[in-house]
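Student: Can we go through this model and check what each label rests on? I'd like to see the reasoning behind the terms.

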Amino acid sequence: MEIREGNVSVEVPEQADAGRGDGVFFNPDQELNRDLTVAVLRAHAEEHGVGSYLDATAASGIRGVRAASEGWAVTCSDTDPDAVALARENLARNDREGEVLHRNANALMHESWYDVVDLDPFGTPVPFADAAFNSARDLLCVTATDTAPLCGAHFESGVRKYGAVPVNTDYHAEVGMRILLSALARTGARYDVGVTPVFSHATRHYVRTYLALDRTATAANAAVDELGYVYHCFECSYREHEYGYLADPIGDCPNCGTATRTIGPLWLGLTHDPAFVERVATHVTDEMGERKRAERLCDRLAGELDEPTHYDQHRLSKQWGVSAVGMDEFVERLRDAGFAASRSHYGGTTVKTDADVAEIRDAAVE
Ligand SMILES: C[S@@+](CC[C@H](N)C(=O)[O-])C[C@H]1O[C@@H](n2cnc3c(N)ncnc32)[C@H](O)[C@@H]1O
């Protein structure tokens, strides 16, 4: 079946359920992810110009074709011969140049350099991360769809894959994002590559991040300095974070006395650069099928307070046995009490604030 996405039209196999079928993979639900990738590539090109782009796990090649239509010199790779044939056909159908290789992306990335590498694999990107840090010069784009291990819902799998302790909290999507960033920062650091996340979002069942790379030991050290731990109380939702690679757990919750759980190492630093996000927003354009959602997401991200966890007003209200109020009202009450507060992109009822859970209750519950 032929579909149009952004400025391109590609042939993709008809699939009943979001990509899961016998044929070459295609998931229409990832259009927002791909629209934002194009906007990020445009914003990145403003500073660095267009260059070489590797669509490492290409399937239909839709990412590669869209990047090629933006002027990037594209390479697509896939281990599935049917995917390789389809990606070639899709580049040709759009009159775009580009090479499509029937290669294992890991071998390819150990041999060749690209300005931008895009990892969009099935599930976890971890099997591709080492090679990617030895292939990407400027920007590494990564999707992870294994949210259950990342968020702590599949605890052992999360520990195995990400070398960190994930705990399933009510801010699980953010834990997933910060576990992924932590693992990527530590992988980059092994090769003296420092990462700066310039744009990241947790949307439905995946996390997507864009890392600006600095290939120096100093930058790698700076990235490791952004790692640390969150101590979480399941009784009252109190949490506290601590930078530093060596955990010194706080023990009992200072709010209610219950033992806290340690989560991490997590990336505690910024998960995006607000100025870059604003520039990305200017590159979200009319031909994008997910333009409205992309704009809303950029807007929310740009205004999101820099705090490593968020709260869910509805969960807190249930815990306290009070009625929830409108989100803008909730944020206003926190600000009126002197705290920094913003809504967050992790969900419609989520908020970021520098108030702790007892302070939130005092400020927001009448
Ligand atoms: C989730 S799909 C990619 C989806 C695509 N990026 C998109 O936006 O529609 C993952 C693809 O990775 C390919 N793949 C799996 N292991 C690979 C490897 N080691 N090297 C290259 N491609 C691989 C699979 O054949 C599959 O086509």
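Student: What makes the sheet with the order S13-S15-S14 an open one of three strands?

Tutor: This is a predicted model, so keep that in mind throughout. In that sheet the pairing is antiparallel. Strands S13 (311-312) and S14 (341-343) sit at the edges, each with a single partner strand, so one side of each has no neighbour in the sheet.

Student: How do you know that S14 and S15 pair?

Tutor: Pairing takes at least two bridges found by DSSP. S14 and S15 (residues 350-353) have three bridges, in the antiparallel sense, so by the cut-off of at least two they count as paired. As an example, alanine 341 has threonine 353 of S15 as its bridge partner.

Student: Why is strand S7 called largely enclosed?

Tutor: A residue is buried if 20 or more other C-beta atoms lie within 10 Å of its own. Seven of the nine residues in S7 (residues 136-144) are buried, so the rest of the structure largely encloses this strand.

Student: Which strands does S7 pair with, and in what sense?

Tutor: S6 (residues 114-119) runs parallel to S7, joined by five bridges. Aspartate 118, for instance, has cysteine 141 in S7 as its bridge partner. S9 (residues 206-214) runs antiparallel to S7, with six bridges between them. There, threonine 143 is matched with arginine 208 of S9.

Student: What makes the S6 to S7 connection a right-handed crossover?

Tutor: The chain goes from S6 through helix H5 (residues 126-133) to S7, a β-α-β crossover. With the strands pointing away from the viewer, a clockwise path over the helix is called right-handed, and this crossover is right-handed.

Student: How do you know that domain 1 and domain 2 touch, with 29 Å between their centres?

Tutor: Contact is judged residue by residue, with C-beta atoms within 7 Å. On that test, 13 residues of domain 1 (2-302) are in contact with ten residues of domain 2 (311-364). On the domain 1 side, H8 (172-190), S8 (194-203) and H11 (291-302) each give two or more residues. H11 has the largest share, three residues. By class, that side has seven nonpolar, three polar and three charged residues.

Student: What makes up the shell around the ligand?

Tutor: 22 residues surround the ligand, and Thr57, Ala59, Asp80, Ala105 and Asp120 are the closest. Nine are nonpolar, eight polar and five charged. Helices H2 (62-68) and H4 (105-111) each supply at least two residues of the shell.

Note on methods
Residues numbered from 1 in each chain as written. Predicted model: local features only at pLDDT ≥ 70, side-chain atom pairs only at ≥ 80, totals over all residues. Near = placed C-beta within 6 Å. Helix = DSSP H or I, 4+ residues; strand = E, 2+ residues; numbered from the N terminus. Nonpolar A, V, L, I, M, F, W, Y, C, P; charged D, E, K, R; others polar. Domains from an automatic or database assignment. Contact = placed C-beta atoms within 7 Å. Buried ≥ 20, exposed ≤ 12 C-beta atoms within 10 Å, placed from the backbone.
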